[in-house]
Structure formats: structure tokens, C-alpha cells
Amino acid sequence: AAGADGAPAATPEREPWLVAGCADSKVRVYNVRTAICTQTLQGHSEVVLSLAVCKDTLFSGSDDGTIKQWRMDTWACEYTYVGHADAVTTLCSASKTELYSGSFDSSVRCWDVDGVRDKIRILSLLGDQSKATRAFFTVAPKAAAAESASPKKKGDKRPSTAAAAKK
């Protein structure tokens with residue numbers, strides 16, 4: 001796909017790029033080396049508030065309550081996720097198949113981005129008055145999880161899991 005100046009679209013393999021969510025409801029892709037906007041993605045009707053990347057896909061969340069899924073090799077909009085009743089203020093990819101979104105509608109939603117393409121879980125993490133403005137997803141490092149799961153060996157000075165839990 002060609003960019004705004006007729007040049008090939010910026011892709012992760014070709015050039016370093018920067019993606020910006022804009023107040024005019026557009027998403028713009030910039031070549032970092034030249035500072036030139038190579039793509040302008042249109043589809044939202046309100047300000048774009050959040051962005052996330054999962055595999056070779058860009059996601060944008062908007063004040064219009066929707067999430068757009070964009071192919072990064074063509075920059076075409078593949079899908080629009082509808083479900084939030086207010087602005088989508090935060091997005092984060094948790095794995096190759098899940099996307100989390102937070103909204104001013106006081107919900108955090110988990111979306112299947114590989115196949116079903118529908119809402120798979122609404123998390124009741126927020127009270128009626130809470131509005132999600134940022135979120136992130138993390139997993140305990142494998143080394144720490146393995147250490148806490150391994151049985152205590154003779155001469156090991158670490159407290160046992162039961163002892164540690166009592167503290």
C-alpha cells in the first residue's frame with residue numbers, strides 16, 4: 001500500500017515507525033527517520049485515545065467507544081469491536097490472542113483477536129464510580145514462579161511457602 005506521499009507504507013520490517021492517535025479521529029503512521037506521515041488511518045468518529053500492537057496488528061481505541069483492528073502490512077481496517085458504552089481509554093495486548101480494553105463505562109474487557117473476534121470476557125474489576133484510564137497486563141516471571149513452586153531442599157535457607165504465607 002502506498003503512503004500519503006506515494007511511498008510504500010511503513011511496516012515493522014521496513015522502517016522504524018511511530019503511530020499517533022489524533023484528536024481529529026485519525027491514526028497517523030510516521031517514518032521515524034524522515035518524520036514524514038506515511039499513512040493516515042480513518043475510521044473512528046471521535047478522538048483516538050489509545051493504541052496497542054498485538055502480533056502484526058495495530059489496535060486503536062476511541063472516544064466513540066469502538067476499537068479498530070488495523071493490518072500493519074496494508075494498514076487496512078479489518079474489524080471494529082463494539083461493546084463499550086463510553087470512551088476506550090486504554091488498550092493492552094496480553095498475548096497473541098487477547099486484547100484488554102478499559103473504558104470510561106467502568107469496564108475492562110478481554111477480546112479474542114484471533115478467530116472468534118468477539119468479546120469473550122467482561123471483568124468486574126471496577127466499581128460503579130471507577131473509570132479505567134490506563135491498564136497493563138503482566139505475568140510473573142517464570143524463574144520466580146518456578147522458585148516458589150520448587151520444594152525446599154535440605155540446607156536451603158529460604159522460608160517454606162507455608163511460613164512465608166503466615167508472615
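This report walks through a predicted model of one protein chain, from its overall layout to its aromatic rings.

## The overall layout

Let's start with the big picture. The protein chain has two helices and 11 strands. If you follow the chain from the N terminus, the order of elements is β-β-β-β-β-β-β-β-β-β-β-α-α, so you meet the strands before the helices, going by how helices and strands are numbered from the N terminus.

How much of the chain is buried? Of the 167 residues in the protein chain, 35% are buried. The accessible surface of the protein chain adds up to about 9,800 Å², and carbon and sulfur atoms account for 53% of that. As for contacts in the protein chain between residues at least 6 apart in sequence, 33% of them join residues at least 24 apart.

## Two hairpins at the start

Now have a look at strands β1, β2 and β3. Strand β1 covers residues 17-21 and strand β2 covers residues 26-31; the two pair in the antiparallel sense, with five bridges. One spot to look at is L18, whose bridge partner in β2 is Y30. β1 and β2 make a hairpin with four residues between them, and S25 in that turn has a positive phi of about 75°.

Strand β2 also pairs with strand β3, residues 36-42: they run antiparallel and are joined by six bridges. Here V27 sits opposite L41 in β3. β2 and β3 form a hairpin too, with four residues between them, and A35 in the turn has a positive phi of about 60°. In a regular strand, side chains alternate between the two faces of the sheet.

## The nonpolar cores

Which residues make up the largest nonpolar core? There are 10 of them: A52, C54, F59, I67, Y81, V88, L91, L99, W111 and V113. Strands β4 (48-54) and β8 (88-93) each contribute at least two residues to this core. Another core, of nine residues, lies apart from the largest one, and its members include V27, L41, W70 and M72. V27 and L41 are familiar from the hairpins, where V27 stands opposite L41 in β3.

Back in the largest core, C54 has a relative accessible area of 4%, so C54 counts as buried.

## Rings in contact

The structure holds four aromatic pairs. The ring centres of F59 and Y81 are 6.2 Å apart and the planes meet at 55°, so this pair is tilted. The pair ties together distant parts of the chain, with F59 in strand β5 (residues 57-62) and Y81 in strand β7 (residues 77-82), 22 residues apart. F59 and Y81 are both buried.

Y81 also pairs with W111, this time edge-to-face, at 5.3 Å centre to centre and with 70° between the planes. That pair links distant parts of the chain as well: Y81 is in strand β7 and W111 is in strand β10 (residues 108-112), 30 residues apart. Y81 counts as buried because its relative accessibility is 1%, and W111 is buried too, with a relative accessible area of 1%. Put together, ring pairs link F59, Y79, Y81 and W111 into a cluster.

## What about disulfides?

How many disulfides does the whole structure contain? A search finds zero. Take C37 as an example: the closest cysteine sulfur to its own belongs to C22 and is 7.9 Å away, which is too far for a bond. The cut-off for a disulfide is 2.5 Å between the sulfur atoms.

Technical notes. Residues are numbered from 1 along each chain as its sequence is written. This is a predicted model: local features need pLDDT of at least 70, side-chain atom pairs count only at pLDDT 80 or more; totals for chains, interfaces and linings use all residues. Side-chain values use heavy atoms; hydrogens and water are left out. Buried means under 20% relative accessible area, exposed over 50%, partly exposed in between (1.4 Å probe, protein chains only). Two strands pair if DSSP finds at least two bridges between them. Contact means heavy atoms within 4.5 Å. Accessible areas come from the Shrake-Rupley method with a 1.4 Å probe; for residues, only the protein chains shown count as cover. A nonpolar core is a set of buried Ala, Val, Leu, Ile, Met, Phe, Trp, Tyr and Cys residues joined through side-chain atoms within 4.5 Å. Rings of Phe, Tyr and Trp (its six-membered ring) pair if their centres lie within 6.5 Å; planes under 30 degrees apart count as stacked, over 60 as edge-to-face and the rest as tilted.
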